[in-house]
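Me: I'd like a close look at one part of this model, with its surroundings included. Please keep it informal, and start with the whole chain before zooming in.

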Amino acid sequence: MNITIENIILIGSVLLLISILAGKTTYRFGIPTLLLFLTIGMLAGSDGIGGIYFDNPKIAQFVGVVSLNFILFSGGLDTNWQSVKPVLKEGIALSTLGVLLTAVGLGYFVYLITDFTLYESLLLGAIVSSTDAAAVFSILRGKNLALKKNLRPTLELESGSNDPMAYVLTIAFLTLVQYPEKNIVSVLPMFLLQMVLGGAAGFLFGKLSKIIINKIRLDFEGLYPVLTIALMFITFSATDFIGGNGFLAIYICSVYLGNQNIIHKKTIMRMFDGLAWLMQIVLFLTLGLLVFPTEIVPFIGIGIMISLFLIFVARPLAVLISLLPFRMKMRRRFYISWVGLRGAVPIVFATYPLLAGIDKANVIFNIVFFVSITSVLIQGSTLSIVAKWLHVGLPERVKPLSATDELLSEHPKAIMKEIKITKTCPSNGVKIVDLGFPKNAIIAMIERDGNYITPNGLTEIAANDKLVVLTDKPEILDKVYESLSLKKKEEEIGD
């Protein structure tokens, strides 16, 4: 078959459709959908029944970086600051010290059982050191797991914020492999610069993005997600250009935006949720096409040893040491260590040695691929079972709704209040987006000068306006009055 643009689109769309339909079926049997996407890519490849030849690590890396932008940004938008704040220290400890300890521990084990040099071993350890955001977000949310106390925010914070650390370690150890005359101390300035600039740039771009989204007036609601995508890529590329960590920047930027009042927030979040799933499928299909299963077979033995050591020794020890300063029940620590899923991110990072052309690049890539498959298969398919064993799960009926769930929920707003705005009201002249309005209440309509208008976030409240407010909980009305800076008895005019 001749490879044309039309054929590429046809093949891509068919693979996408098969992945979605097969994922719906296999989910019932507890098989992680991400593993399925990867398998479909492998079956479609040159060693599979599809016979599609794809051996371009540069394109795969590009697809991986773009996909990770969407996945991390979507995860950041869904991260509620009030949920994360109590576990911020634990999350930071896991995403920094935990990643470092995992990389060093696994790397030393690889050094002992293989003919790798120390730096090559540490490079492999760094590549698989982070918990994969795509795997954790999709499996936790796909299985709709209800976990006790702050476990879920801790897991999502760690998985969303530890890729930057793994990326920096990967680049650092790759540099040491290429230039053995250097030592670890020589790469510390690069490490610190990447993390500091990435964190600062993420926060600054988050504030700038909020201003741009809320101030600019676009004629169509559908353009706001497009604007956000542009801001996301600018954040990543500009941070990378100045020497910072772009992955860290877009995660911090998205967490900031997700916890602010921005125009058409529901539309933006839903759009990114769909795009994140699309990027996960495309990423896993691409990486499945890139690998040659016949080349993995010789490394199955060593791959099993490394996988088991990572799952049962390196990761648990790293988690236990990282969380030593914090009060937490042991069974929760064990569950955090079990949710150390390796997925697409390590495979993407494994393309960096391939492009650098180091001696053992192909060996590292194949081992990393096998480790990722093993992790998703063993850990990803047993998250619910292990949660029950360790008594850290909650019955679905008592699962509390997160702030994001409440924002995106479609509960009928059965309670209606009309609220009049006086000339002395502090909210007079303020845009709706700047009111701090409760997430599960809406201003459905405004009566102004005898006319009814349908407001949006840019609509300014004016004196003598009558706001028709809808909500589904009576207690939310107090927050509505608070956001409008009104006294209920003075301003309420009817039901």
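Among contacts between residues at least 6 apart in sequence, what percentage join residues at least 24 apart? And then the part I'm after: how many of the 13 residues of helix 12 are buried, and what does that say about its place in the structure?

Reply: Quick ground rules. This is a predicted model, in which local features need pLDDT of at least 70 and side-chain atom pairs pLDDT 80 or more, while totals for chains, interfaces and linings use all residues. Residues are numbered from 1 along each chain as its sequence is written, and side-chain values use heavy atoms, with hydrogens and water left out.

For the chain as a whole, 80% of those contacts join residues at least 24 apart; contact here means heavy atoms within 4.5 Å. The protein has 23 helices and 5 strands, taken as DSSP runs numbered from the N terminus (helices are H or I, at least four residues; strands are E, at least two). Of its 495 residues, 53% are buried, which means under 20% relative accessible area (over 50% is exposed, in between is partly exposed; 1.4 Å probe, protein chains only).

Now to helix 12, residues 246–258. Here 12 of the 13 residues are buried, so the rest of the structure largely encloses this helix. The buried set runs Gly246, Phe247, Leu248, Ala249, Ile250 and Tyr251, then Cys253, Ser254, Val255, Tyr256, Leu257 and Gly258.

The length works out too: at 1.5 Å a residue, helix 12 should span 18 Å, and its end C-alpha atoms are indeed 18 Å apart. That expected span is 1.5 Å times one less than the number of residues. At the N-terminal end sits a cap, Asn245, with a side-chain oxygen 3.1 Å from the backbone nitrogen of Phe247. For reference, a polar contact is a pair of N or O atoms within 3.5 Å; within protein, one must be able to donate a hydrogen and the other to accept it, and residues adjacent in sequence count only if both atoms are side-chain atoms.

Next, what touches helix 12? Start with Asn69, which belongs to helix 3 (residues 57–77). Asn69 has a relative accessible area of 1%, so it counts as buried. Its contacts, leaving aside neighbours within four places in sequence, take in Phe247 and Ile250, together with Met232, Phe233 and Phe236. Phe247 is thus the residue whose backbone nitrogen faces the Asn245 cap and also a partner of Asn69.

Another visitor is Ser209, from helix 10 (residues 184–215). With 2% relative accessibility, Ser209 is buried as well. Not counting residues up to four places away in sequence, Ser209 touches Cys253 and Leu257, plus Leu231. Ser209 and Ser254 are 45 residues apart along the chain, yet their C-alpha atoms are separated by 9.4 Å.

There's a handy rule for reading those pairs of partners. An α-helix has 3.6 residues a turn, so residues three or four places apart point the same way. With that in mind, look at Phe247 and Ile250 beside Asn69, then at Cys253 and Leu257 beside Ser209.

For another helix to set beside this one, try helix 16 (residues 330–338), where Arg332, Arg333, Tyr335, Ile336, Ser337 and Trp338 are buried. Those buried residues pack against helix 5 (88–113), helix 8 (151–161), helix 15 (300–322), helix 19 and helix 20 (383–389).
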